[in-house]
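User: I'd like to go through some of the labels on this structure and see what each one rests on. Could you take me through them?

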Amino acid sequence: MKQFKYILLVGISAFLTSCSEQQARKSISHSSGTFMKESIDRNKKMNAQEKEAIAKIIKKDTAHIYNVSEKGFWYAYKTKSNANVFPVKGDVVSFDYEVTDLYGNSIYTAAELKTQTYHVDKQNIMNGLRNGIKLMHKGDKVKFIFPSQSAYGYHGDDKKIGTNQPIICIVTLNEIKTVIPE
């Protein structure tokens with residue numbers, strides 16, 4: 001009987017000590033942050049190169065006067081209407097556009113893209129286009145030059161627009177429908 005109590009006591013103590021919570025192992029890798037620093041430097045260099053290429057294109061285009069947006073892209077009016085209403089969040093706009101690379105090579109024609117309907121700030125479209133449309137009036141035709149971070153960025157569009165590719169969009173705003181919230 002004494003032997004049974006001894007075995008029972010050893011078994012219970014072994015059970016209790018084996019059920020303790022495991023300690024998480026600490027990582028032994030030491031991140032120096034060099035990847036992030038290198039990535040930041042690479043992006044700064046790429047942005048500077050894009051700005052330089054865009055500046056050359058703007059300098060050559062003497063037919064238009066370019067403005068710089070607060071969002072970091074350039075635009076020039078090809079046709080400016082006399083309307084004074086800008087699209088605001090919730091409005092529904094209709095527009096046509098075409099996309100070229102910085103050197104005028106067609107990426108998407110207006111016929112390929114067809115007329116677009118967009119609910120301002122409520123649908124997901126290219127970042128630069130979202131901001132650019134809000135600078136237009138009905139009837140305006142605007143040439144936008146988007147650096148890659150305002151266009152499709154690192155990912156591209158998975159079709160014809162490549163990784164980190166700056167683009168030019170020529171946009172015609174056909175209509176603005178004001179939507180009254182319910």
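Analyst: Happy to! A salt bridge here needs a side-chain nitrogen of Lys or Arg within 4 Å of a carboxyl oxygen of Asp or Glu. Please keep in mind that this is a predicted model.

User: What makes Lys 143 and Asp 61 a salt bridge?

Analyst: Their closest N and O atoms are 3.3 Å apart, and the cut-off is within 4 Å, so the pair qualifies. This pair links distant parts of the chain: Lys 143 belongs to strand E6, Asp 61 to the loop between H2 and strand E1, and 82 residues separate them.

User: Why is Lys 143 called buried?

Analyst: Its relative accessible area is 14%, and buried means under 20%, so the label fits. Asp 61, at 15%, is buried by the same cut-off.

User: How do you know that Lys 56 and Glu 52 form a salt bridge?

Analyst: The N to O distance is 3.8 Å, which is within 4 Å, so this pair counts too. Both residues lie in helix H2 and are four residues apart, which means about one helical turn between them.

User: Why is Glu 52 called partly exposed?

Analyst: Glu 52 has 49% relative accessibility. Exposed would need over 50% and buried under 20%, so Glu 52 falls in between.

User: What makes Lys 160 and Glu 112 a salt bridge?

Analyst: Here the closest N and O atoms are 2.7 Å apart, so the pair meets the 4 Å rule. Lys 160 sits in the loop between E6 and strand E7, while Glu 112 is in helix H3, 48 residues away. Both are partly exposed, Lys 160 at 44% and Glu 112 at 41%. By this rule, the count of salt bridges comes to four.

User: Where is His 64, and why is it called buried?

Analyst: His 64 is in the loop between H2 and E1. With a relative accessible area of 19%, it comes in under 20%, so it is buried.

User: What makes His 64 and Asp 61 a polar contact rather than a salt bridge?

Analyst: Their side chains are joined at 3.0 Å, and a polar contact is a pair of N or O atoms within 3.5 Å, so the distance fits. The salt-bridge rule asks for a nitrogen of Lys or Arg, so a His does not qualify. Setting aside neighbours within four places in sequence, His 64 also touches Ala 76, Tyr 77 and Lys 78.

How values were computed: Residues are numbered from 1 along each chain as its sequence is written. This is a predicted model: local features need pLDDT of at least 70, side-chain atom pairs count only at pLDDT 80 or more; totals for chains, interfaces and linings use all residues. Side-chain values use heavy atoms; hydrogens and water are left out. Helices (H or I, at least four residues) and strands (E, at least two) are DSSP runs, numbered from the N terminus. Buried means under 20% relative accessible area, exposed over 50%, partly exposed in between (1.4 Å probe, protein chains only). A polar contact is a pair of N or O atoms within 3.5 Å; within protein, one must be able to donate a hydrogen and the other to accept it, and residues adjacent in sequence count only if both atoms are side-chain atoms. Contact means heavy atoms within 4.5 Å.
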